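Hi,

Here is the structure I promised to pass on. Have a look at it first, and my notes follow underneath.

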Amino acid sequence: MLIKNFIHGQYLDNHSAETFKVINPATNQVVYEVEVADTAIQKAAIESAQQGFEKWSAFSAVERSRILLKAVALLRERNDELAKIEVIDTGKPFQEAVAVDIVTGADSIEFFAGLAPSIQGNQQDVDGDFYYTRREPLGVCAGIGAWNYPLQIACWKSAPALACGNSMIFKPSEETPLGANKLAEIYIEAGVPAGVFNVVHGDGKVGSWLSHHPDVAKVSFTGEVGTGKKVMAAAATTLKDVTMELGGKSPLIVFEDADIEQAVSAAMLGNFYTQGEICTNGTRVFVHSSIHHKFIEQLKERTEKNIIMGDPMNEETNFGALISKKHHDLVMGYIKKGLDQGATLLTGGKAASPQSAPHGNFVEPTVFINCTDDMDIVKEEIFGPVMSVLTFEDEEEVIQRANSTGFGLAAGVFTLNIQRAHRVIHQMQAGICWINAYGASPAQMPVGGYKQSGIGRENGMETLNHYTQVKSIYVGMNPLESPF
Ligand code: NAP
């Protein structure tokens, strides 16, 4: 199968005939080839997005909203077939993709479609004159996605962009390109005009072209901190607006009065869901020393008993394959470093070859105990199923240690003391926080990072401000006074 770039409502052939291969992480077989967006495609993508913007931004907000809601209905109708695409591209379990990936993407489009007609300016009288403001779209926006939630990321970026009247050129990760094409087809079928959502394929070079392009008004990027810095530097060449959704090394703090069963559930969800490939994962689990023994006993038992690794398409599989052989080796390298630096394996730690998918990139769900703050596994984002458990004695100490990182994406606290819960979470230097919960991210809730984990927000009403610009209009009602 050959996948093409989606430009102006249709698939367009490239001129260079350059392609790249996409590999199923669970089999390491090539599933399809994809045409690279060459210079001819790039030129067409920009011209088309400019035309799309002109047309779409002239629609009333209510019209935009109605059309986007049709796209939501189509996404929900095709949930299962889209989920299968995500499983083949990412290696995540079907039981997750079918329940989460498309649903949460559709939720975001529905949320912003609902908000579109309420985008408004304000008006103020000034000494008999007055001014008013309009919230206007930015123009052609670029979206650049990571590979862990490909379709959801395409939805989370395009939903506010399109609701506000912008057009978007989206570049998915070259490892997971198909979901964005399917979203583009759905937008067209729902009635979104051609050119409003184009998809270009390729590696970082295509992303870099988008980030530098003078006719792109904004880049919304999801990926690693290092790549984010490059994208931001490129965007600075034409002073583009940026949204940066980057990596993390988030703390999950479990106090002595926590419901241990719930806290273990959170630690497992926050480390092993999507085989650990989630940006907000609570990979530094700080457990009060008085409950450490009970906590790790339950964690070991449930990890060894309840995780079912295997062919991600099997409905009972709840733990899939890592995105690529390269990433698998990187994760295994971190496990080796953990051992070399003196951490103790509680469970896991090995590459795996389950019977139902013997050639996939599997790594066992891994828990390290006896960790210290200076170990690489505790300091660096691994983006795989590797949990580090640390102990602490008191509140002040754990707050200081939890914050002692350049990342600031997420944080979680488990305690039944309501005052402590809020007191601690208010001191976390992180943009996405949970109390007695972990990982939930409804469309209504703005998400994004503090410190080096990001700039701007996705989802929530907040995000309307990131896809519009304010125009102030002063209206003179009095005779104009002039010294000339
Ligand atoms: P990545 O390597 O930074 O790549 C992200 C995207 O940027 C890909 O589409 C990539 O293209 C593209 N890219 C690479 N170099 C570029 C350049 N110079 N200019 C413009 N674009 C460029 O990240 P990843 O490995 O795909 O994803 C994992 C990372 O994403 C983790 O750090 C994770 O924490 C983070 N993440 C954050 C969030 C959040 O919401 N905060 C959500 C999900 C993931 P190719 O891959 O095709 O080369």
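Let me start with the ligand: one of its oxygen atoms sits 3.4 Å from a polar backbone atom of Gly202. On its own the ligand would expose 910 Å², and the protein buries 87% of that (areas by the Shrake-Rupley method with a 1.4 Å probe; for residues, only the protein chains shown count as cover).

Before I go on, a word on the numbers: this is a predicted model, where local features need pLDDT of at least 70, side-chain atom pairs count only at pLDDT 80 or more, and totals for chains, interfaces and linings use all residues. Residues are numbered from 1 along each chain as its sequence is written, and side-chain values use heavy atoms, with hydrogens and water left out.

Back to the ligand. Two further contacts involve a ligand oxygen atom: one at 2.7 Å from a polar backbone atom of Gly145, and one at 3.5 Å from an N or O atom in the side chain of Ser173. (A polar contact here is a pair of N or O atoms within 3.5 Å; within protein, one must be able to donate a hydrogen and the other to accept it, and residues adjacent in sequence count only if both atoms are side-chain atoms.) The ligand is surrounded by 29 residues, the closest being Gly145, Glu174, Thr227, Leu246 and Glu381; to be included, a residue needs a heavy atom within 4 Å. By class the shell has 10 nonpolar, 12 polar and seven charged residues (nonpolar: Ala, Val, Leu, Ile, Met, Phe, Trp, Tyr, Cys and Pro; charged: Asp, Glu, Lys and Arg; polar: the others, Gly among them).

Which elements build that shell? At least two residues each come from α7 (204–212), β11 (218–222) and α8 (225–236), and α7 gives the most, with four. Helices (H or I, at least four residues) and strands (E, at least two) are DSSP runs, numbered from the N terminus.

β11 deserves a closer look. Five of its five residues are buried, so β11 is largely enclosed by the rest of the structure (buried is under 20% relative accessible area, exposed over 50%, partly exposed in between, with a 1.4 Å probe and protein chains only). Lys218, Ser220 and Thr222 cover one side, with Val219 and Phe221 on the other. In general, side chains in a regular strand alternate between the two faces of the sheet.

β11 is paired in the parallel sense with β8 (140–144) over four bridges, and Ala142 stands opposite Val219. With β12 (241–245), β11 pairs parallel over five bridges; there Phe221 has Met244 as its bridge partner. The chain gets from β11 to β12 through α8, in a right-handed β-α-β crossover (with the strands pointing away from the viewer, the path from the first strand over the helix to the second runs clockwise). Pairing requires at least two DSSP bridges between the strands.

Elsewhere, three strands make an open, mixed sheet in the order β1-β5-β4. β1 (2–3) and β4 (19–23) are at the edges with a single partner strand each, so one side of each has no neighbour in the sheet. β4 and β5 (30–35) run antiparallel, joined by five bridges, with Phe20 partnered by Val34.

Finally, two loop residues that are not glycine have positive phi. Gln275 is at about 40°, between α9 (260–272) and β14 (284–288), and is buried at 1% relative accessibility. Asn370 is near 55°, between β18 (366–369) and α12 (376–379), and is partly exposed at 46%.

Cheers
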